[in-house]
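Visitor: I would enjoy a close look at a single part of this protein. Could you pick one helix, tell me what surrounds it, and then show me a few other spots for context?

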Amino acid sequence: MRKIPRSSRFFLSCFLTVGIFCGVSTPAAVAAGSPTAGSPPTGPTIPDQAYESVDAFLQEQLDAMGLPGAAVVVVKDGVQVHSAAFGRADDSGRPMTAQTPVLLASTTKPLTAMAVMQQVEAGRLRLDEPVRTYLPWFTLQDSRSAEITVRHLLHQTSGMASKDTAFEASDAQGPEAIEEGVRALSGSPLAGVPGDAFRYASANFNILGLLVQTVAGQPFADYMEQHVFEPLGMVHSHPTRAAAHSDNAAAGHSLWFGSFWRQTEVPAPTTGMPSSTMYSSAEDIGHELTAMLDGGRYRDRPLIRPESVQTLLKPHVRIDESKEYAMGWFTRPLVESVDPADLPAETTKALPLLLEHQGEWGNSHTYKAMVPASRLGVALVINANDTSAPSRLKAIDTNVLRILHGQPPVPAVVQEDWLQRYSWAVSLILLLAELLSLAFALAVLLRRPVPASKRWVPWAGGAAALALDGFALWLCLVYAPARFDTHLAVIVRQFPDVGVSLVPVLALALLWPVPRTVWLIFRMRAPTRGSRRSAA
């Protein structure tokens, strides 16, 4: 047998030792999301051409739709593999970047869910404990509210409905607004039995934020900064509008009258901080997704335990035939990974699970998605929103997923009904009708006495005016809030091009009918020209 020199044996031993050490330590490094981890990737590698196609697609969408700005980040196997930004952050022309904070809207919810699980791990919260255990004063206008648990809130099964608990029109910015908003729910009804069915309402997560604040003994904003953003390295994420603006947050934009984008301020109250009004950048969202895909750790810092991640991401309540809801995440089969023509409905269950959430505000659109099977995460932020047809922006989200999985993008299909798509036109028509009614009424009431043969004209005009007022009030106060599952105040504030017409419509429909009718009655009691001639 050939002998190996001592020096060679020494170096061979060192090599084997290092190899064994790396073989043992690499999985831990991967679990921690270390960018230097050397484990093989999970799932197929995404070619560079796919990222180039994503960028080309997003630029094409910005050009075609006139969107002001967007940023996208892709994470894979614990590292950021792609980052790009397009367009402008505001009207000054400041460029959009992957580090630019954007109002998250409902993609805030998964962040709050992580904070809740931290408190569950600390033993301060229990998922199946009633909310009243921690907030004894908590109540709704229904005795069944005593049955609402922490788990119900996380799964959106508390029984609350958005239209009964809307807060989006508020301008509150103080730290006390979260508790004030939850206390204000005492006058809200329940739409269903707690735990019975999925009903999406941001109020569920506002209550969760107050629970975290209460049991942690720390303002919710401070808690998020210290225990979520800081461990995740989310340096461009903020719980308040003031903090985000000091970090050069992107300005929001709304599509006005279906034709032009305008930089627009809409309410972003701290009342909804735990559900809707935190800010983050595409790059920071990538950190969040990396942690969730790596068992609750970001790099070498643990955020929550792996079992807590499993609890958060486990589908629990069914929404429809294809969608379920976990804790702050919608779940469904990853249909974007295959050609729709080759996908019979019965085979969707064999597809990888996609966890996603979209954020829709009056002036921003955000999206975050994860595919745990391939450890893929996607973050997309757009500093604009088309509230009349948000499905056009939602199509951008799903098309990014298609491109990353080797599929061509598909044309957007507008899913909103005519009232939402043309609500700005409806409000303008109502305003025009009310102004014409006002002009007609003044012409009749200010003219000389009406001949006896034409006395029916003012009465008919008055009846038509009352009918118009009644229709406007029914549409604004009854039908539209029920259709959009929210308050009229939210429609006025979050749909700015609609609100600019609805406010004068409501003013005329509410304030003018009574004096107009009284004036008409007195006017018609005055002697007519025909009666004066007879008396003579």
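Guide: Happy to, and please keep in mind that this is a predicted model. Let's start from Trp474, which sits in helix 15, the stretch covering residues 456-484. Trp474 counts as partly exposed because its relative accessibility is 41%, between the 20% and 50% cut-offs. Trp474 also has company at the surface: together with Phe471, Leu477, Val478 and Tyr479, Trp474 forms a nonpolar patch. The accessible area of these five residues adds up to about 480 Å².

Now let's follow helix 15 to an enclosed space. The model contains three cavities of 30 Å³ or more, and the largest of them has a volume of about 140 Å³. That largest cavity is lined by 14 residues, and those closest to its centre are Leu419, Ser423, Ala480, Val498 and Leu502. Helix 15 is one of the contributors here: along with helix 14 (423-446), helix 16 (488-494) and helix 17 (496-511), helix 15 supplies at least two residues of the lining. In chemical terms, the lining of this cavity holds 12 nonpolar and two polar residues, with no charged ones. As background, rolling a probe the size of a water molecule over the atoms shows where empty space is left.

Helix 15 also takes part in a charged contact. The side chains of Arg483 and Asp417 meet in a salt bridge, with an N to O distance of 2.5 Å. This pair links distant parts of the chain, since Arg483 belongs to helix 15 while Asp417 lies in the loop between helix 12 (391-404) and helix 13 (418-421), 66 residues apart. Arg483 counts as partly exposed because its relative accessibility is 31%. Asp417, with a relative accessibility of 25%, is likewise counted as partly exposed.

Just past that, in the loop between helix 15 and helix 16, comes Asp485. Its backbone deserves a look: Asp485 has a positive phi of about 55° although it is not a glycine. For comparison, most residues other than glycine have a negative phi. Asp485 is partly exposed because its relative accessibility comes to 30%.

That brings us to the other spots you asked for. A positive phi of about 55° is also found at Phe257, again not a glycine. Phe257 is placed in the loop between strand 4 (253-256) and strand 5 (260-263). With 23% relative accessibility, Phe257 falls in the partly exposed class.

As for charged pairs, the full count comes to 19 salt bridges. In general, side chains of opposite charge can pair when their charged atoms come close. One of the salt bridges joins Glu336 and Arg332, at 2.7 Å from N to O, and both of these residues are buried. Another joins Asp164 and Lys163, at 3.3 Å from N to O. Here the two partners fall in separate classes: Asp164 counts as buried because its relative accessibility is 19%, just one side of the 20% cut-off, whereas Lys163 is partly exposed at 36%. There is also a network of salt bridges, which links Lys76, Asp77, Asp294 and Arg375.

If you are interested in open spaces as well as enclosed ones, consider the second largest pocket, with a volume of about 200 Å³. Its lining is made of 15 residues, and His245, Ala250, Ala251, Gly252 and Glu265 lie nearest the centre. The lining of this pocket divides into seven nonpolar, six polar and two charged residues.

Finally, here are two loop residues with partners far along the chain. His155 is found in the loop between helix 4 (150-154) and helix 5 (162-165), and His155 counts as buried because its relative accessibility is 2%. The C-alpha atoms of His155 and Trp329 are separated by 8.9 Å, although the two residues are 174 residues apart along the chain. Leu232, in turn, lies in the loop between helix 8 (220-229) and helix 9 (241-246). With a relative accessibility of 1%, Leu232 is counted as buried. The C-alpha atoms of Leu232 and Pro302 are 8.9 Å apart, with their positions 70 residues apart along the chain.

Note on methods
Residues are numbered from 1 along each chain as its sequence is written. This is a predicted model: local features need pLDDT of at least 70, side-chain atom pairs count only at pLDDT 80 or more; totals for chains, interfaces and linings use all residues. Side-chain values use heavy atoms; hydrogens and water are left out. Patches are made of residues with over 30% relative accessible area and no salt bridge: like charges are joined within 9 Å, nonpolar side chains (Val, Leu, Ile, Met, Phe, Trp, Tyr) within 5 Å. Accessible areas come from the Shrake-Rupley method with a 1.4 Å probe; for residues, only the protein chains shown count as cover. A salt bridge is a side-chain nitrogen of Lys or Arg within 4 Å of a carboxyl oxygen of Asp or Glu. Helices (H or I, at least four residues) and strands (E, at least two) are DSSP runs, numbered from the N terminus. Buried means under 20% relative accessible area, exposed over 50%, partly exposed in between (1.4 Å probe, protein chains only). On a 1 Å grid over the protein atoms alone, a cavity is a set of points where a 1.4 Å probe fits but cannot get out, and a pocket is an open set with protein on both sides within 12 Å along at least five of seven lines; lining residues have an atom within 4 Å of a point. Grid points are joined across faces, edges and corners, and a volume is the space filled by probe spheres set on the points. Ala, Val, Leu, Ile, Met, Phe, Trp, Tyr, Cys and Pro count as nonpolar, Asp, Glu, Lys and Arg as charged, and the others, Gly among them, as polar.
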